[in-house]
Amino acid sequence: LAPGVILMSLFSLIALEQFFFGSNWSFYFLLSLLMLVCTIVVEVFASLYGMIRNAIQMQEMKNYAYTDGLTGLRNRRAYVEDLETIREIAAKDDLIIVAIDLNGLKKVNDELGHAAGDEMICQGGRIINESFKEYGETYRMGGDEFEAVLIIDNPGRIGQFIRSFRAAIKNANAVEKRDYLISASIGTCEVTAWDELAECMNRADKAMYVEKRTKKSGRQRKS
């Protein structure tokens with residue numbers, strides 16, 4: 001704003017000089033007002049631009065804080081905070097917690113390297129997200145662990161979702177040729193009361209680990 005004030009002052013002085021000693025004082029006075037108005041408009045737009053830029057940067061920082069850097073999915077921090085929002089949205093619908101764990105990640109890391117392990121996590125996360133995103137949000141909790149929070153009107157449909165998920169994994173393994181196969185263990189639990197949410201999450205995890213141990217012992221018997 002300072003340049004506009006300086007210019008306005010300058011032209012005002014010229015206007016005063018012309019007022020007392022000349023005849024064009026009104027021209028210089030109007031010109032000074034025009035310069036001031038233009039400066040104010042520029043400063044307003046510059047201020048708005050700065051506010052918008054800061055808001056965008058803040059949103060980007062928030063997205064970064066709530067996004068898993070490897071898969072692009074929402075992370076554990078987002079999972080904890082989203083549950084409060086989901087609680088309000090799902091007041092009249094059924095809420096399903098789905099615990100998902102990729103099988104064999106340690107073996108892939110040990111035998112093929114961590115780059116292959118990261119690829120496996122990314123591919124698994126993509127399949128999980130595509131399978132469940134229509135009905136909720138998916139999260140990478142860390143390592144090979146994922147969670148999905150689904151809002152559905154019929155909890156009996158969860159079996160259909162799981163079958164579709166397993167079919168998507170089977171298709172990915174058939175189409176995308178790799179040195180490893182993607183496999184996942186799943187556990188689910190319906191949230192019947194919000195004060196039992198933590199217990200429901202534990203039940204989903206336990207169900208997932210039971211399936212994981214069963215698959216692991218089955219592979220060991222085959223070998």
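**Salt bridges, a helix pair and a nonpolar patch**

Counting up the salt bridges in this predicted model gives nine. One of them pairs R140 with D68, and here the closest N and O atoms sit 3.1 Å apart. R140 belongs to strand β2 (residues 136–142), while D68 is found in the loop between α2 and α3 (76–89), so this salt bridge ties together parts that are 72 residues apart in sequence. Both ends of the pair are tucked away: R140 is buried, with a relative accessible area of 12%, and D68 is buried too, with a relative accessible area of 12%.

Another salt bridge runs between E176 and R126, again with 3.1 Å between the closest N and O atoms. This pair also links distant parts of the chain, as E176 lies in the loop between α6 (158–175) and β4 (184–191) and R126 lies in helix α5, 50 residues apart. Here the two residues are partly exposed, E176 at 27% relative accessibility and R126 at 30%. E176 has a further partner in R178, and the closest N and O atoms of that salt bridge are 2.0 Å apart. R178 has a relative accessible area of 19%, which falls under the 20% cut-off, so R178 counts as buried. Through shared partners, salt bridges join R126, E130, E176 and R178 into one network.

Stepping back to the whole chain, there are seven helices and four strands. Read from the N terminus, the elements go α-α-α-β-α-α-β-β-α-β-α. Of the 223 residues, 34% are buried. The chain exposes about 14,000 Å², and 59% of that comes from carbon and sulfur atoms. Among contacts between residues at least 6 apart in sequence, 65% join residues at least 24 apart.

Helix α5 turns up again in a contact with another helix. The axes of α4 (residues 105–112) and α5 (residues 114–132) come within 7 Å and cross at roughly 150°. On the α4 side the contact involves L105, V108, N109 and L112, which meet H114, A116, G117, M120 and I121 of α5. Sorted by class, this contact has six nonpolar, three polar and no charged residues.

Nonpolar residues also show up on the outside. V37, I40, V41, V44, F45, L48, M51, I52 and I56 form a nonpolar surface patch, with about 830 Å² of accessible area together. One of them, V37, lies in helix α2 (residues 25–65). V37 counts as partly exposed because its relative accessibility is 47%.

Terms used. Residues are numbered from 1 along each chain as its sequence is written. This is a predicted model: local features need pLDDT of at least 70, side-chain atom pairs count only at pLDDT 80 or more; totals for chains, interfaces and linings use all residues. Side-chain values use heavy atoms; hydrogens and water are left out. Patches are made of residues with over 30% relative accessible area and no salt bridge: like charges are joined within 9 Å, nonpolar side chains (Val, Leu, Ile, Met, Phe, Trp, Tyr) within 5 Å. Accessible areas come from the Shrake-Rupley method with a 1.4 Å probe; for residues, only the protein chains shown count as cover. A salt bridge is a side-chain nitrogen of Lys or Arg within 4 Å of a carboxyl oxygen of Asp or Glu. Helices (H or I, at least four residues) and strands (E, at least two) are DSSP runs, numbered from the N terminus. Buried means under 20% relative accessible area, exposed over 50%, partly exposed in between (1.4 Å probe, protein chains only). Axes are lines fitted to C-alpha atoms, for helices over the stretch in contact, and angles run from 0 to 180 degrees between N-to-C directions. Contact means heavy atoms within 4.5 Å. Ala, Val, Leu, Ile, Met, Phe, Trp, Tyr, Cys and Pro count as nonpolar, Asp, Glu, Lys and Arg as charged, and the others, Gly among them, as polar.
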